[in-house]
Amino acid sequence: YDGQGSSKTVKHNLRKKPELVIIRKLNSYTDWQVYAQGITSPNSNWWQNRMYANYTNAADSNTNQLTAEPTDDELYVGSTNAVGASGSRYMAFLFASVEGVSKVGTYTGSHPNNQVVQCGFSPRFILMKRADATGNWWFFDTHRGINNAAADPTLNWNTNSPEVTNLDQLFPHNSGFGLFAT
């Protein structure tokens, strides 16, 4: 979409309310803006809690980027350089849960024992980031391997480091994925 220097309604064809929104400016550098339903701190409105895909920061408050909750056919962006500057081009990646295909959500990862995150199916791609404190963006996929008893190859979206291959963090599960206790 094109920025216009003022708040704008951007039409989309997801046909579902987005639960995860990632916005990237195309014609110059700005940080990747990430908004995820379920992240309700520091603001109670999830679309006002921003994370950056290229940093490890916890979610922070920003009420100027997304100006209202997205609907099943519209995204409401502000006029800031990161999402709506006049003369700038942007790409918005929108994700929603589709039963048996995709699941967008949050979980609390403070369990001392192995924990299963329920998705309703066994996922082939997992992206996760701690929202309440500093932490890497972890990207796992079944193509490179999510193993039960061996290290899980992963990439960190917020770094330019090579693949991490010495950590065993996940295990496969028929209705989601498991997290090993740390």
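## Arg-124 and its surroundings

A residue counts as exposed when its relative accessible area is over 50%. Arg-124 comes in at 63% relative accessibility, so it lands in the exposed class. Keep in mind that what you're looking at is a predicted model.

Where does Arg-124 sit? You'll find Arg-124 in the loop between strand 8 (115-118) and strand 9 (125-129). Once you set aside neighbours within four places in sequence, the contacts of Arg-124 are Phe-140, Asp-141 and Thr-142. Asn-13 is another story: 111 residues separate Arg-124 and Asn-13 along the chain, and their C-alpha atoms are 24 Å apart.

## The 9-10-11 sheet

Strand 9, which follows the Arg-124 loop, belongs to an open sheet of three strands with the order 9-10-11 and antiparallel pairing. Strand 9 and strand 11 (155-156) are the edge strands, each pairing on one side only.

Strand 10 covers residues 137-141 and runs antiparallel to strand 11, with two bridges joining them. If you want a specific pair to click on, try Trp-138, whose bridge partner in strand 11 is Asn-156. Strands of a sheet pair through backbone hydrogen bonds, in either a parallel or an antiparallel way.

## The 8-13-12 sheet

On the other side of the Arg-124 loop in sequence is strand 8, which is part of an open, antiparallel sheet of three strands in the order 8-13-12. Strand 8 and strand 12 (170-173) hold the edges with a single partner strand each, so one side of each has no neighbour in the sheet. On average, neighbouring strands here are turned by 30° against each other, ignoring direction.

How many bridges join strand 8 to strand 13? There are four, and strand 13 (residues 176-179) runs antiparallel to strand 8. Within strand 13, Gly-176 is the residue that stands opposite Gln-118.

## A nonpolar patch on the surface

Leu-26, Trp-32, Met-91, Phe-93 and Phe-95 together make a nonpolar surface patch of about 430 Å². Take Leu-26 as one of its members: Leu-26 is in the loop between strand 2 (20-25) and strand 3 (33-36). With 47% relative accessibility, Leu-26 counts as partly exposed, because the exposed class needs over 50%.

## Around Gln-37 and the cis proline

Further along, Gln-37 lies in the loop between strand 3 and strand 4 (49-52). Is Gln-37 exposed or only partly exposed? Its relative accessibility is 29%, so Gln-37 is classed as partly exposed.

Beyond the residues within four places in sequence, Gln-37 touches Lys-17, Pro-18, Glu-19, Trp-46 and Thr-106. Leu-20 is 17 residues from Gln-37 along the chain, with a C-alpha separation of 6.2 Å.

Pro-42 is also in the loop between strand 3 and strand 4. Check the backbone there: the peptide bond from Ser-41 to Pro-42 is cis, with omega near 15°.

## Arg-15 and its positive phi

One more backbone detail to look at is Arg-15, which isn't a glycine but has a positive phi of about 65°. Arg-15 has its place in the loop between strand 1 (8-11) and strand 2. Its relative accessible area is 72%, so Arg-15 is exposed.

How values were computed:
Residues numbered from 1 in each chain as written. Predicted model: local features only at pLDDT ≥ 70, side-chain atom pairs only at ≥ 80, totals over all residues. Heavy atoms only, no water. Buried < 20%, exposed > 50% of the residue type's maximum accessible area, 1.4 Å probe, protein only. Contact = heavy atoms within 4.5 Å. Pairing = 2+ DSSP bridges. Patch = residues over 30% accessible without salt bridge, like charges linked within 9 Å, V, L, I, M, F, W, Y side chains within 5 Å. Areas by Shrake-Rupley, 256 points an atom, 1.4 Å probe, with all protein chains shown as cover. Salt bridge = Lys/Arg side-chain N within 4 Å of Asp/Glu carboxyl O. Axes fitted to C-alpha atoms, helices over the stretch in contact; angles between N-to-C directions.
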